[in-house]
Amino acid sequence: MSEAPTYPSLVESVEETVAATGERYGLELQVDAPPRLGYRSTILFLCSEAGQYVLKVVGTGPEPGLESTAECQAFLEETGQPVVSPVRRRDGVFWGDVSGAYACLYPRADGQAWVGWSADRMRSAGSTLARVHRLPAESLNIANTAPSQEARSVIERSEQVDGPVDLRTAVLGDVDWGTTFNSILHRDYRAQNVLFAGEEAACVLDWDDAAIGDRLLDLAYSLVYFQAVVGEPPTVPSLRPFISGYADIFPLTDDDWSRLPDFLLLALYKGLALWSGLWAMTSSANTKERVEGWIQAYIALADTFEDTVEGLRG
């Protein structure tokens, strides 16, 4: 697919931010690579004699839940998952102000960005997600999220945004979603958030939206969007290794398979609502064209999920 759009920096002064970060963490830091500008964050690549780091900046003020999700990352690293725990500041917390920016420092993770589809990479990504979903979640102080809650949020967002296509999200309100809070959810498990060492998933990034809920929320979103922006829309053949790797670790029940088409539709509309918001927000004609291309490519999936699940299960 076409390349991703660019975004403005959330850092006013890189020099002042780096100096303040060094003071907060007791490190002498310097920039060693250009920043990465994302939709919701700005990443600074830093180094010191102690090692290499990334500073994640999300805005100018505290955001609820980020400290808890940082604690979740520490738990995941402790349990052997391919996750890098953030660095605690001198005051004992993970997230805090650095020169007017709300930020968190991480050790630089090993691994390479997604270089394209392969059955082994997809299988490893699926099994990695399953291992997270199998972990006990009761001890974590992170938010719960219910499928019905996510559906309402998607419906409301789609109604508020005047995007390039009509998102018929009202159907999500007719589904009996059930209520399950038994898995740690990443909630944005895509190729862009996974680093690989060869064919193996080496590090899962970006846990800021982590929550506890029904694992099908996470699984479905990954099936729909794992290769979004960096690859093509999903097909049954491209997804088979992912679901196979997942099911080898955490098999799906008959009930899971029967509910999966609804969760795939919810996942689809969640991403399309986000892209529609980006399309409406930008003033760049090039960005509008790129984002509309993503939307048009994925909206065609809306009527295919019963067949998709049948193909994956078979």
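Let's start in the sheet, where S6 and S10 pair in the parallel sense over two bridges. Bear in mind throughout that this is a predicted model. For a landmark on that pairing, find asparagine 144: across from this residue, in S10, stands isoleucine 212.

Now widen the view to the whole sheet. It is an open one built from three strands, in the order S6-S10-S7, and its pairing is mixed. Which strands stand at the edges? Strand S6 (144–145) and strand S7 (183–185) do. Each of these has a single partner strand, so one side of S6 and one side of S7 go without a neighbour in the sheet.

Next, look for the helix that goes with this sheet. H5 lies across S6, S7 and S10, and runs at about 40° to S7.

Before moving on along the chain, take a look at the loop that leads up to S10. Between strand S9 (200–204) and strand S10 (211–213) sits aspartate 206. The backbone here is worth a glance, since the phi of aspartate 206 is near 65°, a positive value in a residue other than glycine. Is aspartate 206 buried or partly exposed? With a relative accessible area of 30%, aspartate 206 is partly exposed.

There's a second residue of this kind on the other side of H5. Valine 229 belongs to the loop between helix H5 (215–225) and helix H6 (236–249), and its phi is near 75°, again positive in a residue that isn't glycine. As for its surroundings, valine 229 counts as buried because its relative accessibility is 11%, below the 20% cut-off for that label.

That loop brings us to H6 and its packing partner. Two packed helices are described by the angle between their axes and the distance between the axes. Here, H6 packs with helix H9 (residues 305–313) at an angle of about 55°, and the axes are 9 Å apart. That angle is why H6 counts as oblique to H9. The crossing of H6 past H9 is right-handed.

Which residues make the contact? From H6 come Val236, Leu239, Arg240 and Ile243, while H9 supplies Thr308, Gly311 and Leu312. Sorted by class, the contact of H6 with H9 has four nonpolar residues, two polar ones and one charged one.

Methods. Residues are numbered from 1 along each chain as its sequence is written. This is a predicted model: local features need pLDDT of at least 70, side-chain atom pairs count only at pLDDT 80 or more; totals for chains, interfaces and linings use all residues. Side-chain values use heavy atoms; hydrogens and water are left out. Helices (H or I, at least four residues) and strands (E, at least two) are DSSP runs, numbered from the N terminus. Buried means under 20% relative accessible area, exposed over 50%, partly exposed in between (1.4 Å probe, protein chains only). Axes are lines fitted to C-alpha atoms, for helices over the stretch in contact, and angles run from 0 to 180 degrees between N-to-C directions. Angles under 35 degrees count as roughly parallel, over 145 as roughly antiparallel, 65 to 115 as roughly perpendicular and the rest as oblique. A crossing is left-handed if the near helix is turned anticlockwise from the far one by less than a right angle, and right-handed if clockwise. Contact means heavy atoms within 4.5 Å. Ala, Val, Leu, Ile, Met, Phe, Trp, Tyr, Cys and Pro count as nonpolar, Asp, Glu, Lys and Arg as charged, and the others, Gly among them, as polar. Two strands pair if DSSP finds at least two bridges between them.
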